[in-house]
Amino acid sequence: MVRAVKELPQDLDTDLVIRAERHLVDAAAEHDAKTLRILGRRLLEVVAPELADQHEADLLEKEEAKAAQAMRLTMTDDGHGKTHARFTLPTVQAAMLKKMLLAIAAPKHQAATHGAGVERRPGPERMGRAFAELIERISAKDLPKVGGRDATIVIHIDLDVLTGRLEKAGVLDTGERISPSQVRRLACTARILPVVLNGKSEVLDVGRAKRFFTKAQLTALGIRDGGCRTEGCDWPPWLCHGHHWQRWADDGDTDLANGGLLCPRHHARAHDPTDETTREANGKVSFHRRE
């Protein structure tokens, strides 16, 4: 009640403020605290309706600005196959997310997907499953590019694993390991790229036909290099750039033999005339200032 009165316009007539206080006191006899908070937001509609719309708009703009500054997301892998997350979202985006999750967790969708007999009310477990399904449904083409590629998870697997003849863990390009059964499920249902022997062929060497590395080439470089080729750098492949060891402007080909991954910082050093790039015997590179 006190908060609701404080949120009234500072220049509001004293008599109107007194009317607002009395209105809330009378309402408190019949309503709980939650309902009182709602009524408190509508005080001006009772005592000064001509000011209510503008006042509400001003309050909402202030709240939205604070909410935008308060957005947070933390994710922690517990090392046992689970990641725990906490987030803070503005009300609008939270409402959008909730509506998406409820649509997936709805009884009709669940019955169509898993058969009859599911619980009618979406509990925390169903909402969690809906969140996971929503993530798998997002198409990489709808996401921003990362290092010149779609933000698509790449799984390194043997062909025998994909066909079920061998039980061996799959490795994501983000470093996590998943079970063979999960690999086969994702290969059938999700927006992932399984890298397997004898899979669908894509041209990886384009010579002088193109200046920039293709998505297929960048994926192949990511698998081969595992990240930035610079000695001591641990940047992952999906955040790296494709670099020509012999510059394209100097007749260097756009192919795997002449390409390697470098993080943005080391890619800039590779093109800095004051730096000298040395390719080591172990496949790594190092940079030194020219004397």
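Modeller: Let's start with the terms: helices are DSSP runs of H or I with at least four residues, and strands are runs of E with at least two, numbered from the N terminus. Counted that way, this predicted model has 12 helices and 10 strands in its chain.

Biologist: Thanks! How do you know where in the chain confidence is highest and where it is lowest?

Modeller: The pLDDT runs from 0 to 100, and strand β2 (residues 83-88) comes out highest with a mean of 93. Strand β6 (residues 192-195) is lowest, at 54. The average over the chain is 78, and 77% of the residues score at least 70.

Biologist: Now the helix pairs. What makes α2 roughly antiparallel to α3?

Modeller: The axes of α2 (residues 14-28) and α3 (residues 33-41) cross at roughly 155° and come within 10 Å. Anything over 145 degrees counts as roughly antiparallel, so α2 earns that description relative to α3. The crossing in which α2 passes α3 is right-handed.

Biologist: And which residues in α2 and α3 meet there?

Modeller: From α2 come L24, A27 and A28, and from α3 come L36, L39 and G40. By class, five residues of this contact are nonpolar, one is polar and none is charged. Gly counts as polar, so G40 is the polar residue here.

Biologist: Why are α6 and α8 called roughly perpendicular?

Modeller: Helix α6 (residues 91-105) packs against helix α8 (residues 124-137) at an angle of about 100°, and their axes are 8 Å apart. The band for roughly perpendicular is 65 to 115 degrees, so the pair falls into it.

Biologist: What does the contact of α6 with α8 have by class?

Modeller: On the α6 side are L97, M100, L101, L102, I104 and A105, which meet R126, M127, A130, F131, E133, L134 and R137 in α8. That gives 10 nonpolar, no polar and three charged residues. Asp, Glu, Lys and Arg are the charged class, so the charged residues are R126, E133 and R137 in α8.

Biologist: L97 is in that group. Where does F87 lie, and what is F87 in contact with?

Modeller: F87 lies in strand β2. Its contacts, leaving aside neighbours within four places in sequence, are R72, L73 and L97. The C-alpha atoms of F87 and R72 are separated by 5.3 Å, although these residues are 15 apart along the chain.

Biologist: Why is F87 called partly exposed?

Modeller: Its relative accessible area is 45%. Buried means under 20% and exposed means over 50%, so F87 sits in between.

Biologist: How do you know that helix α11 is largely enclosed by the rest of the structure?

Modeller: Eight of the 11 residues of α11 (residues 215-225) are buried, hence that conclusion. They are A216, Q217, L218, T219, A220, L221, G222 and D225. Just after α11, G226 takes a positive phi of about 75°.

Biologist: What makes W235 partly exposed?

Modeller: W235 has a relative accessible area of 38%, which again lies between the 20% and 50% cut-offs. W235 belongs to the loop between α11 and β7 (241-244).

Biologist: Which residues does W235 touch?

Modeller: Not counting residues up to four places away in sequence, W235 touches G227, C228, C240, C263 and P264. The C-alpha atoms of W235 and L262, 27 residues apart along the chain, are separated by 8.3 Å. Across the chain, 49% of contacts between residues at least 6 apart join residues at least 24 apart.

Note on methods
Residues numbered from 1 in each chain as written. Predicted model: local features only at pLDDT ≥ 70, side-chain atom pairs only at ≥ 80, totals over all residues. Heavy atoms only, no water. Axes fitted to C-alpha atoms, helices over the stretch in contact; angles between N-to-C directions. Parallel < 35°, antiparallel > 145°, perpendicular 65-115°, else oblique. Left-handed = near helix turned anticlockwise from the far one by under 90°. Contact = heavy atoms within 4.5 Å. pLDDT = per-residue confidence, 0-100. Buried < 20%, exposed > 50% of the residue type's maximum accessible area, 1.4 Å probe, protein only.
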